[in-house]
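Thanks for coming. I will take one chain and go through it piece by piece, from the overall figures down to single residues.

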Amino acid sequence: MARPPKTDLAALWQNRINKGLKFQEEDFTTVFHPDLARQYFEGKQEPDGGVNPNEYIVVNKVYSHLLTELPSLYGIDPYFYVKVKKSYVPDPESIVMMEERGKIREAYLNYLKGELSLKTKARLAILDAQFAYGVLKVSYHADMEKNPDRGQPLTDENGEPVVDEEGNPILGPDEILARESYKLTRIHPDNVFWDRDAGPLEDDWNWICHKIELTRKQAEADKTLNARAVTTATTRPRDMDQYSHSASFGSKMTTSDPEEEVLCLYEVYDLKKKQWLKVLDGADVLAMDPSPLPEGVESHPFCVLRFVMRDKSPYPIPPTSQVLDQQRELNEARTKALIHRKRFNRKYEVNTSLLENEEELDRLAVGDDGTCIQVMQTGAINPIRDAPLDPQTYTEIGYISRDFLELMGPDPSSLQVTRADSATEAAIVDQRLDIREGDKLSTVTDWIIQVGTKLDQLVQAHITRDEAVRINGPRGEMWFTVKSEDYEKISGEYEYGANVGASQPRIPAIERSQLLAFFQILGQFPQLMTSERLMQHMAKLYNLEDETLVNELLQIGRAM
């Protein structure tokens, strides 16, 4: 089948992208309101009009719940493990060699997680997943510079010329590698979208796209982009709401500044054809023709975190989307109580026949606190009591708080569990909340393992020189020499894992109680210290990731 012309191909992909953007808008943005949820998290919850901001209370439950949950999902960087999953050669010596290579890859992967600031970016992406979905992009970048010896014959370490298979001298390239780096980038979920026909699982995706805004100057400097596409692409002004000046500047923002006009670049990964391409909005040709996937990328470089999957859509159900109504109702109920408590509206019933004169009424209306008036008989003036606030208002506040517990999990103090009707009910509720939290932690762990897997595959594809790195982890502080040969293909497969307990926040009192409980079990049954597998499993259950400690306990048990 003949390939369509470049102009037709550009129009075809722009049409697909437009349909994908419309699908994102209709199927996700207008349904779950992620922008509104982000505003609620930041405390911007006042109604648009009709309310005095000084008399509107914001009790930000969304903020408190998410900040309580985030440390339990990702408090500390987990420790990655790389182990042999399957060996195609039944040779013990080969398996030992593969395991040693796995340890080196494991060490370098744990080194890179610190260099790439995994914790900061992962926590931000987890917050993104509360409002929409979290996205981390794993990529490799190489900066090239002009080769001063370009065109000159290459020589080996002995000064002899290097020749090819036909005996001809190999000449120096025009450019040489100046700097190379692995990158881990948090992508805003608004800038990642799928094709219109995509389903919830990756097998159902035709393509996934990353939207990038850049100035024309940046586009012209990018050598990977087609010059004609950059020239014919249409620009649009940046979001002017983000750049509006206050009246004190004396002038309004204009779009004459070229830095305030951007091009929309769409980086598309075609999962069915195993290709990637780039499209500039409005260009009559593709910014980059369909090409094989970058080396080290199997299908796409994105790691997408979604907590609640849907039936027929790649877009998830964000957790915060289910409590926006409850948050608004809570604010209104608390504001109603505030207004009722603060209001001052005096009303009296007066028997004018018992007053000395009519002027006493004026003194009553405008007098300060403590004003005295003359009456002919007590009981001439009686205050009219304000109607009390309906107790149902306070009952509704309790109902709303209970809704938050059911929809988003425990609140910061977990007081709702202690208010259960019985100890049995409290235990059941507590267990279900633990299961829900454990399920979200499992989802985050699988996502982090995916990040580590994609990063290790990039290193395998691009590592070119040996490097000594210092590792702090379960084996203590030590130096590893990472060699390029450690990333050569093996006759087998590696599997990747992450220590879930290592990502929990380190609270000394909890760590101490876990360690004492672990030692108590061993004190009652010391024979357990002779089983390596059982000891490792028990240590994992008690969130003890120190393998050196486990090995020492094994030695003590065998000596006993």
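When I say helix, I mean a DSSP run of H or I with at least four residues, numbered from the N terminus. By that rule Lys113 is found in helix α4, which covers residues 92-115. Please keep in mind throughout that this is a predicted model.

Before going further with that lysine, the overall figures. The chain has 15 helices and 15 strands. It is made of 560 residues, and 38% of them are buried. If you take the contacts with a separation of 6 or more, 73% of them are between residues 24 or more positions apart.

Back to Lys113. Is this residue buried or exposed? Its relative accessible area is 11%, and the cut-off for buried is under 20%, so Lys113 counts as buried. What does its side chain reach? The backbone oxygen of Pro78, at 2.5 Å. The same side chain also makes a polar contact of 3.0 Å with the side chain of Asn110. Beyond its neighbours within four places in sequence, Lys113 is in contact with Asp77, Pro78, Tyr79, Phe80 and Leu118. Asp77 lies 36 residues from Lys113 along the chain, and their C-alpha atoms are separated by 7.9 Å.

Leu118, one of those contacts, takes us to the nonpolar interior. The largest nonpolar core has 54 residues, and those touching the most other members are Leu118, Ile126, Leu136, Tyr182, Val444 and Trp447. Which helix gives the most to this core? That is α12, residues 423-462, with 9 residues. Leu118 itself, leaving aside neighbours within four places in sequence, is in contact with Tyr74, Asp77, Phe80, Lys113, Leu136, Leu184 and Val451. There is also a second, separate core, of 33 residues, and its members include Ile17, Phe32, Phe193 and Trp207.

Phe193 comes up again in the strands, where it stands opposite Cys209 in β5. Strand β5 spans residues 207-214, and 6 of its 8 residues are buried. Which strands pair with it? One is β4, residues 192-194, which pairs with β5 in the antiparallel sense over 3 bridges. Another is β7, residues 261-270, joined to β5 by 8 bridges and also antiparallel. In that second pairing, His210 stands opposite Glu267 of β7.

A further strand to mention is β8, residues 275-280, which holds Gln275. At 25% relative accessibility, Gln275 counts as partly exposed. Not counting residues up to four places away in sequence, Gln275 touches Val268, Tyr269, Asp270, Pro290, Ser291 and Leu293. Gln275 and Asp289 are 14 residues apart in sequence, with 9.5 Å between their C-alpha atoms.

Now two helices and how their buried residues are arranged. Helix α2 covers residues 34-41, and its buried residues are Pro34, Ala37, Arg38, Tyr40 and Phe41. Around the axis they cover an arc of only 160°, which puts them on the same side of α2. Just after α2, Gly43 takes a positive phi of about 90°.

Helix α15, residues 547-559, has 13 residues and reaches 18 Å from its first C-alpha to its last, close to the 18 Å expected at 1.5 Å a residue. Which of its residues are buried? They are Val550, Leu553, Leu554 and Gly557. Seen down the axis of α15, the buried residues fall within an arc of 105°, so they line one face of the helix. Gln555 and Ala559, on the other side of α15, are exposed.

The last residue is Asn331, placed in helix α8, residues 324-342. Asn331 is buried, with a relative accessible area of 0%. Its side chain reaches the backbone nitrogen of Val59 at 3.1 Å. A polar contact, also of 3.1 Å, joins the side chains of Asn331 and Gln327. With residues up to four places away in sequence left out, Asn331 touches Gln45, Tyr56, Ile57, Val58 and Val59.

To recap the two polar side chains: Lys113 is buried at 11% relative accessible area, and Asn331 is buried at 0%. The side chain of Lys113 reaches a backbone oxygen, that of Pro78, while the side chain of Asn331 reaches a backbone nitrogen, that of Val59. That is all I have.

How values were computed: Residues are numbered from 1 along each chain as its sequence is written. This is a predicted model: local features need pLDDT of at least 70, side-chain atom pairs count only at pLDDT 80 or more; totals for chains, interfaces and linings use all residues. Side-chain values use heavy atoms; hydrogens and water are left out. Buried means under 20% relative accessible area, exposed over 50%, partly exposed in between (1.4 Å probe, protein chains only). Contact means heavy atoms within 4.5 Å. A polar contact is a pair of N or O atoms within 3.5 Å; within protein, one must be able to donate a hydrogen and the other to accept it, and residues adjacent in sequence count only if both atoms are side-chain atoms. Two strands pair if DSSP finds at least two bridges between them. The expected span of a helix is 1.5 Å times one less than its number of residues. The arc is that of the directions from the helix axis to the C-beta atoms. A nonpolar core is a set of buried Ala, Val, Leu, Ile, Met, Phe, Trp, Tyr and Cys residues joined through side-chain atoms within 4.5 Å.
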